[in-house]
Amino acid sequence: MSLPSFEGSPRWSQPAEPYARFPKITLHDHLDGSLRPETLVELADAHGVTLPYTDPETMASWFTGEIAVPTIQHWDEKFGLTTRVMQDEESIVRVAREWVLEAAADGVLYGETRWAPEKHTLGGLPLRVAVEAVAAGLAEGEAAVAAAGGSIRARQLICGMRTSTLSYEIARLTVDTYGEWGGSVAGFDLAGGEDGFPMRHHLEATTLLQNEGIPYTIHTGEADGEHSVWETVHLAHALRLGHGVRIIEDVFLDGRPLGVKTAVRAVEAARAAGPAVLELGRTAQWVVDRRIPLEVCVTSNAGGVVDGIENHPIDLLRELGFTVTVNPDNRVMSKTSISAEMRKIEGEFGWGPQEFAEAELAAVEASFQSRQERDALRDTVLDLLDDFER
Ligand SMILES: [Zn+2]
């Protein structure tokens, strides 16, 4: 069994990606952070939206920050531009369909894309209609991949925003649409600025989801530290942690807490000097013991959470027993793909097929699918791993 080839390579991958043919799951993958730059330019043109640049490649480089002008006040303004061109059903369907095609080209067998319906109502689109449009686009994408001889299942996670007061309404929307359109809606996420917008302000939303039996993940441990993860785990009881990497700040090196930006170097230096003792704090131990998966996005984190991939704690987290999955976060904003993430992690930390297989099987288990669906997907992934050759 081999991975069905589909439409060449995804954006932002190199010609000979070592992990292009590796079976993949994507769990943390924003719809409005991953649209094709040429689609953005075309839709902006069609809807009279002014972009800083009209050349797709230049736009992409502005998203990553390689081109700094024009400057913006806050990173969220970049998502303001991508969501501006997704205010009508047709545009949303197109972006969702293309998300599936890009994922399939990257070797993804199962993917969950997340997006925030409340950002798509500027033109008066009802929230439920927006969700239905994403469902239609994902289904079209699945059908196109199948017609080309491939296979992918694509689901959506509906995001509430930490920065808004609508999280309960959006959780209610998730409950109301869960199970519709062939089960397109797989669960819920809380996204948006973490620092200053604590999880505890959104417990009405997560309590509703718990009571209704809807799975959810929460962005946490990205722009804020251990106490934010503590709230996510112990107050909100999230099934997965979106990023979650700052849980490393609840790990103690010779009795002192690590900092996310300096953890890798501090541990290396301590080990070079002699035996180093690493101990988990209670929140970190809880996350390890319950195997609560971390949705790690290395390139995305390398531009702020840490300075450069070499300082990312992904390998340290794995060594400490955390359940780590590999995700792109925002393909266009980070100019990345999962294949590219794997190449970078291999280059920096020496991971190989065995470590990536562990991460992908962890992602299968972490996916918001039924037990039966996860078992079937795991069998497919194991078959493909058997045959994996570079
Ligand atoms: Zn994210």
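H243 lies in strand 6, which spans residues 240-243. The model is a predicted one. The phi angle of H243 is near 75°, a positive value in a residue that is not glycine. Is H243 buried or exposed? H243 counts as buried because 24 C-beta neighbours lie inside 10 Å, and the cut-off for a buried residue is 20 or more.

A second positive phi in a residue other than glycine belongs to D254, where the angle is near 45°. D254 sits in the loop between strand 7 (251-253) and strand 8 (256-257). With 12 other C-beta atoms within 10 Å, D254 is exposed, since a residue counts as exposed at 12 or fewer.

Another backbone feature is found at P70. The peptide bond that leads from V69 to P70 is cis, and its omega is near 0°. P70 is placed in the loop between helix 2 (56-64) and helix 3 (76-84).

The interior comes next. The largest nonpolar core holds 105 residues, and V100, V134 and I248 are the ones with the most contacts inside it. Helix 4, residues 89-105, gives the most to this core, with 10 residues. Which residues does I248 touch, leaving aside those up to four places away in sequence? I248 is in contact with L258, V260, A263, P313, L316 and L317.

One of these contacts, A263, leads to helix 9, residues 263-273, whose buried residues are A263, V264 and V267. These three are on the same side of helix 9, because they cover an arc of only 100° around the axis. An α-helix has 3.6 residues a turn, so residues three or four places apart point the same way. The buried residues of helix 9 pack against strand 7 and against helix 12 (314-319).

What does the face of helix 9 turned away from its buried side carry? That face bears the exposed residues R265, A269, A272 and A273. Helix 9 thus has a buried side with A263, V264 and V267, and a face turned away from it with exposed residues, R265 among them. Just after helix 9 comes G274, which takes a positive phi of about 155°.

Definitions and conventions: Residues are numbered from 1 along each chain as its sequence is written. This is a predicted model: local features need pLDDT of at least 70, side-chain atom pairs count only at pLDDT 80 or more; totals for chains, interfaces and linings use all residues. Helices (H or I, at least four residues) and strands (E, at least two) are DSSP runs, numbered from the N terminus. A nonpolar core is a set of buried Ala, Val, Leu, Ile, Met, Phe, Trp, Tyr and Cys residues joined through C-beta atoms within 7 Å. Two residues are in contact if their C-beta atoms, placed from the backbone, lie within 7 Å. The arc is that of the directions from the helix axis to the C-beta atoms.
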